[in-house]
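Me: I should like to understand how the terms used for a protein model are justified. May I put some questions about them?

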Amino acid sequence: MDSCMEEGVEPLMGVTDRIVRSLLASDVPLEREALTAAASAIVPDVAPLAGPEEITDAVDALAGLGPVERLLRDPEVTDVLVNGPSEVWIERRGSLELTDVNFADDRAVVAAVERVIAPLGLRIDRASPAVDARLPDGSRLHAVIPPASVDGPVVAVRRFCEAVTNLEALVTAGGITDDGADVLRTSVGARMNLLVAGGTGAGKTTLLNVLSKEIDPSERTVTVEDAAELRLDGHVVRLEARPPNPEGAGEIKLRALLRHALRLRPDRIVVGEVRGPEALDMIQAMSTGHDGSMSTIHANGPEEALWRLESLAGTADASASADTLRRQIRSAVDRVVFVARRPVARVVVSISDVGPDGVEEIYSC
């Protein structure tokens with residue numbers, strides 16, 4: 001082995017870097033398909049011992065998030081969490097695992113983030129040390145770098161996973177019983193206004209997608225989202241908010257989009273998540289003829305979901321009394337669906353009717 005190395009047989013270490021340098025020196029577009037074809041063509045000359053894995057690593061280094069791209073290709077990985085260059089975690093099957101994946105240094109982490117956000121017109125630097133982005137595959141990326149992040153760059157990528165696509169699949173996955181699925185199916189068919197509540201990663205958006213499959217395709221649905229993650233079928237119009245650019249201009253807020261949605265002749269309005277003053281606009285939309293509308297909200301239970309909705313709506317109109325908002329909410333929202341993340345699955349824990357006096361549970365798991 002040593003003699004072969006001395007005679008000039010190429011060591012595998014550095015092969016990927018050699019391919020990367022050659023690609024950078026060429027005029028190939030920095031797009032995955034073009035880079036893969038170009039790398040395959042130049043490998044016999046610049047790195048004869050390179051195989052498909054080295055080619056993929058080189059392409060990842062130029063058109064993706066570098067070494068964590070292979071983690072994102074694992075269908076069981078739902079989150080990738082980068083705590084600096086030498087500590088990369090994943091969530092798989094509901095459990096966090098420390099991986100052996102590393103970046104070269106802090107700069108390599110920041111460079112990887114810059115690569116994927118640049119085509120989106122976003123930036124991250126010391127003057128703007130945090131960024132939130134929706135990647136082309138629907139995944140969500142959030143990154144924070146120094147000085148906002150004390151111990152180095154931190155990146156969290158939540159993959160868009162559509163393993164459960166309809167109520168039947170949700171039953172099969174153990175997320176709800178047949179009886180619960182029937183309640184949800186009837187709720188959508190009867191054009192009830194639904195609020196899906198749960199904690200972070202509980203499956204709120206997934207359930208919203210599932211519920212959307214029960215909407216009559218002939219109905220016109222307008223979706224309003226902070227980042228477009230919903231995948232609805234049928235007659236759908238999608239609206240997406242936008243953060244301000246580095247100069248502070250160009251922001252499109254959810255409240256403005258909700259008002260536009262009302263003028264687009266919707267049969268139903270689906271709001272990806274309410275987390276601010278747009279809650280009041282959503283409540284008013286549900287109360288003014290747009291039956292069958294839906295949204296999600298962060299909360300630890302059905303009652304808390306209504307309290308939180310009231311609190312958020314109050315930020316839109318300081319003159320509105322709590323009693324007035326409470327009555328509007330209890331008139332607008334027909335049912336609260338509460339979901340939670342369990343060790344084996346994301347589960348619909350309860351479905352509750354909303355009335356003048358509060359919530360009444362009609363299904364529990």
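Reply: Certainly; buried means under 20% relative accessible area, exposed over 50%, and partly exposed in between (1.4 Å probe, protein chains only). This is a predicted model, in which local features need pLDDT of at least 70 and side-chain atom pairs count only at pLDDT 80 or more, while totals for chains, interfaces and linings use all residues. Residues are numbered from 1 along each chain as its sequence is written, and side-chain values use heavy atoms, with hydrogens and water left out.

Me: Why is R185 called partly exposed?

Reply: The relative accessible area of R185 is 27%, which lies between the limits of 20% and 50%, so the term applies. D182, at 40%, also counts as partly exposed.

Me: What makes the contact of D182 with R185 a salt bridge?

Reply: A salt bridge requires a side-chain nitrogen of Lys or Arg within 4 Å of a carboxyl oxygen of Asp or Glu. The closest N and O atoms of D182 and R185 are 3.0 Å apart, so the rule is met. The two residues are three apart in helix 8 (residues 178-189), hence separated by about one helical turn; helices (H or I, at least four residues) and strands (E, at least two) are DSSP runs, numbered from the N terminus.

Me: How do you know that R268 and E219 form a salt bridge?

Reply: Their side chains meet at 2.8 Å, N to O, therefore within the 4 Å limit. Both residues are buried.

Me: Why are strand 1 and strand 2 said to pair?

Reply: Two strands pair if DSSP finds at least two bridges between them. Strand 1 (residues 77-83) and strand 2 (residues 88-92) have five bridges, in the antiparallel sense, so they satisfy the definition.
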